[in-house]
Amino acid sequence: MIRKILSTLLLTTLSVMALEQGEILPQPLQTQLKLEKDKLYVIDFFASWCKSCKKELPLIATIHDNNLTEVIGINVDKNREEGEAFVKKFNLKFPIVYDSDQALINTFKPLGFPTLYYIKNGKILKSIVGAIDAIDLQIQKDLKEFK
Amino acid sequence: MIRLMVWSMGTLLLLSGCSIKEVKPWEKGDLAMDIMQYEGLHPEVKKFEAHTYFSKEASRGGAGVAGGGCGCN
């Protein structure tokens, strides 16, 4: 009976597990995001309906525009056109992945939104969950620690 | 072993059928729409209704909510 309960709990837990700091991204995911070896990536999940994203994204764009590190944006709008219009409005020049079916974010399963990940060699070095003031300064500080 | 797996899957199916589906942080796009606001798309309509209520009842207020639900007010 105990074995049955334990196996049920294990299966339930596996289905809700999020990718956390220190974990390695599955290889198909690394391929999909075109992550290169020894490069540090800032991966930011955002959506057009997210008001905090409107404040954060222009600041995150400065990180890319100043060539501080590689930045990838993942738009999770179910309607891709809304995401594209949002990207165009903010004139984002870093690579954007449109996750309209929300498969990517369902793999990462962040606890809040927006969420930003630092990833190097497929490993999650750190994540920032939720919006914070002066995210660009925080990223610069984190990059100094990682390099 | 097969019996155990079938039993586990059956239990999971049963449990998931009884549960309320959690709205994930990235699924709140619909909740963020303007039409989901308490006062609807046009706050002016609410103002108009409040004016009519005041004219008819000679009373105002009581329709709002103070604080954010933290219990600190």
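## Contact between the chains

In this predicted model, the contact between the two chains draws on 16 residues from chain A and nine residues from chain B. On the side of chain A that touches chain B, helix α1 (residues 2–16) of chain A gives the most, with five residues. Sorted by class, that side of chain A has eight nonpolar, five polar and three charged residues.

## Nonpolar core

The largest nonpolar core has 29 residues, and those with the most contacts inside it are Val42(A), Ile43(A) and Phe45(A). Two or more residues of this core come from each of β1 (40–46), α3 (51–65), β2 (70–75), α4 (80–89), α5 (103–108), β4 (115–120) and α6 (135–146) of chain A. Strand β1(A) provides the largest share of the core, five residues. In soluble globular proteins, nonpolar side chains tend to be buried together.

What does Phe45(A) touch, leaving aside its neighbours within four places in sequence? Phe45(A) is in contact with Ile74(A), Val76(A), Ile105(A), Pro110(A), Phe113(A), Pro114(A) and Thr115(A), and also with Trp26(B). Phe45(A) is thus both one of the residues with the most contacts inside the core and a residue in contact with chain B, through Trp26(B).

## Packing of α3(A) and α6(A)

Helices α3(A) and α6(A) both give two or more residues to the core. Their axes come within 8 Å and cross at roughly 35°, and the crossing of α3(A) past α6(A) is right-handed.

On the α3(A) side, the residues that meet α6(A) are Glu56(A), Leu59(A), Ile60(A), Thr62(A) and Ile63(A). Their partners in α6(A) are Ile135(A), Asp136(A) and Ile139(A). By class, the residues of this contact divide into five nonpolar, one polar and two charged.

## Chain B

The secondary structure of chain B comes to two helices and zero strands. Of the 73 residues in chain B, 4% are buried.

How many of the 15 residues of α2(B) are buried? The count is zero, and the helix is hardly covered. Helix α2 (residues 43–57) of chain B has 15 residues and should therefore span 21 Å at 1.5 Å a residue, the expected span being 1.5 Å times one less than the number of residues. The end C-alpha atoms of α2(B) are 21 Å apart, which agrees with that expected span. Just after α2(B), Ala58(B) takes a positive phi of about 55°.

Note on methods
Residues numbered from 1 in each chain as written. Chains lettered and ligands numbered in written order. Predicted model: local features only at pLDDT ≥ 70, side-chain atom pairs only at ≥ 80, totals over all residues. Contact = placed C-beta atoms within 7 Å. Helix = DSSP H or I, 4+ residues; strand = E, 2+ residues; numbered from the N terminus. Nonpolar A, V, L, I, M, F, W, Y, C, P; charged D, E, K, R; others polar. Buried ≥ 20, exposed ≤ 12 C-beta atoms within 10 Å, placed from the backbone. Core = buried A, V, L, I, M, F, W, Y, C linked by C-beta atoms within 7 Å. Axes fitted to C-alpha atoms, helices over the stretch in contact; angles between N-to-C directions. Left-handed = near helix turned anticlockwise from the far one by under 90°.
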